[in-house]
Amino acid sequence: MAADMTTGGPRRRLVHLDLKGAPPRAAYLAEVLPLLRALGASGLLLEYEDTFPYAGPLGPLRAPHAYSPGEVRAVLSQARAQGLEVVPLVQTFGHMEFVLKHKEFAHLREVKVFPNALNPHKEESLALVKAMIDQVMALHKDLKWFHIGCDEVYYLGEGEESKQWLQQQDNTPEKLCLSHIKAVASCVASSYPSVTPIVWDDMLRGISEETLAESGVPQLVQPMIWDYAADLDVEGKVHLIEKYRRCGFSKVWFASAFKGATGVNQSLTLIGHHLKNHLQWLKVASNSPTDVLEGIALTGWQRYDHFSVLCELLPVAIPSLAVCLQALENGGYSEKTKENVEKLLGMSNLETETFMSTSLGTFPGSDILTLVTQVSFYLKSSVDELLERNSLLSKWNAMVQDLQAAMQQVFHDCTVEEWMEENVHPSLQKLQQVVDDLDKAIKAQN
C-alpha cells in the first residue's frame, strides 16, 4: 500500500524545535510559524529542555534565558492560530543533563559521575519526571501526544543499584529499560488518559519481539523511528516497522533531520544530505501499510547533547527545512517544487548541492544566513592569509557587528556570545594579535 500520494508523504509533519541551544526569542518564533505552515508543516515537536519556565522545586532547571509562562502561552496560541498541532518533548530517562547537573538532583544519577542518565530504581526519579511532565502539561491545552524522550540512555545498568538488580535471575538491561519506559508511560496514561506518549525507538530496536511484547510497553506508547542518514536503509526500516507491528505497537512515527545531523559543530546546512534523507523516508512510507504511520518529525538538532557546542542555527537551516517539508508534501523534489520553495523563501536560486554564498532571501532571519555564510566561507581563510592587516581587521569587525545585530534580533545575548566564541573570536583574536605584533615591530624599527 502506498502512503497517501495525494499529499505525498505522511500527512502529519511535525517540525522539531530543539531549544537546548540557541533558543530563538519568542518574537522570532511568532514570525516563523506562518512560514512553517505555508511550507507544509502540520505541527511542532517542542523540545524545551532548560528553556521551559519550570517553577517551585524544579526552579533550578530553568535557564537564565528560559521563556516566561506568558511567552510559552503566546507561542502556543500562535501555533494554534496557524493550525499547527503541538507535541511537547520532555526527556525522562537519558539526556537528562539539564536536570542531573544540578546539585539538588545529582543523587538521582544512574552513575554518580555522569549526569546524563536517570536512576530508574529510585521512587524519587519517577516523582521528578512526573513533576516535570505535570508542569509542561499544565501550560498546554488539548494535547494528543506527549514525547517522553528515552533515547541514548548511556550507562544504563552500570549504577550500583542496577548492578544488584541485574544479578537477580532473568533480569537484563533491556527489561530495566522497558520497565522505566512503562512506568513513565503509565504515569502519563493515568493522569492524562487522552494523551498518547511517544518514545524515541533506538533503545527498543535491538530488543527481541518476545521481550517487547511481554513488557506491556507496545500498548502504552508509539515509537518514533529515527534515522538521519542520506543513504538510510529502506528495506531495513520496512522490516523494523513490521517487527514493531507484530509486537503490538499500534502506530509508529518516523523522524528525519533538516539540520544538526552532519557534524557536531557544523555551521552551514548541507541541504542535499537532508533532502536525500527525506526522499529515503518517502520510500519507506510508500512500502509500509498506510494505517501504521502516524506521522513524521523533521528534527533540527541544535546541540548533540546539553554540554555539546552549537551546530547550525535555525535561520541558517530554514532553506533546508523548506526543501524537506516541500519534498514530503509533494512526494518528491521536482523543478516545480524547487520553484515553489524559492517563491516561499524569496530566494532567486536555491542550491541544494553547494552552499549558497550569493542568494539573499526574504524569510525571517535570512540576513543571518547570508552573514553566517560569509563568516563560514571567508573568515578563517582571510585571516590566515592576513592580506592587509588593519583594513582586514576593520572589515571583519564591521561584518561581525552586523551579524551580531542580526542575531540579537532572534537570539539571546548568551547564544550570540556562544556562537561568536565558537566561530568568530578565535580567528579575530589571532588577527588582532598579529596586527599588534606588527605594529610593535614597526615602532621598534622606527
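**Exercise 1. Take stock of the fold: how many helices and strands does the chain have?**

Start with the elements. In this predicted model, the chain has 15 helices and 10 strands.

**Exercise 2. Work out why the radius of gyration of the chain agrees with that of a compact globule.**

Step 1: get the yardstick. For 446 residues, a compact globule would have a radius of gyration near 22 Å.

Step 2: look at the chain itself. Its value is 23 Å, so it agrees with the globule figure.

Step 3: add the outline. Along the principal axes, the C-alpha atoms fill a box of roughly 85 × 55 × 40 Å.

Step 4: check who touches whom. Take the contacts with a separation of 6 or more: 77% of them are between residues 24 or more positions apart.

**Exercise 3. Describe the inside and the surface: what percentage of the residues count as buried?**

Step 1: set the cut-off. A residue is buried if its relative accessible area is under 20%. By that rule, 55% of the 446 residues make the cut.

Step 2: turn to the surface. The accessible area is about 18,600 Å², and carbon and sulfur atoms own 52% of that.

Step 3: count charges. There are 39 positive and 55 negative side chains. The centres of these two sets sit 3 Å apart.

**Exercise 4. Look at strand E2: which of its residues point one way and which the other?**

Step 1: find the strand. E2 spans residues 43–47, and 5 of its 5 residues are buried.

Step 2: sort the residues by direction. Gly43, Leu45 and Glu47 go one way, while Leu44 and Leu46 go the other. Both groups are buried, Glu47 included.

Step 3: find the neighbour. Strand E1 (residues 13–18) runs parallel to E2, with 5 bridges joining the two. If you want a spot to click on, try Val15, whose bridge partner in E2 is Leu44.

**Exercise 5. Now do E7: which strands are joined to E7 by bridges?**

Step 1: check the cover. E7 takes in residues 196–200 and is mostly covered, with 4 of its 5 residues buried.

Step 2: take one partner. Strand E6 (residues 145–147) is parallel to E7 and joined to it by 3 bridges. Here Phe146 has Pro197 of E7 as its bridge partner.

Step 3: take the other partner. E8 (residues 222–226) also runs parallel to E7, again through 3 bridges. In this pairing, Val199 stands opposite Pro223 of E8.

Step 4: put it together. E7 has bridges to E6 and to E8.

Note on methods:
Residues are numbered from 1 along each chain as its sequence is written. This is a predicted model: local features need pLDDT of at least 70, side-chain atom pairs count only at pLDDT 80 or more; totals for chains, interfaces and linings use all residues. Side-chain values use heavy atoms; hydrogens and water are left out. The radius of gyration is taken over C-alpha atoms; the globule rule is 2.2 Å times the number of residues to the power 0.38. Buried means under 20% relative accessible area, exposed over 50%, partly exposed in between (1.4 Å probe, protein chains only). Contact means heavy atoms within 4.5 Å. Accessible areas come from the Shrake-Rupley method with a 1.4 Å probe; for residues, only the protein chains shown count as cover. Lys and Arg count as positive and Asp and Glu as negative; His and the chain ends are not counted. The place of a charge is taken as NZ of Lys, CZ of Arg, CG of Asp or CD of Glu. Two strands pair if DSSP finds at least two bridges between them.
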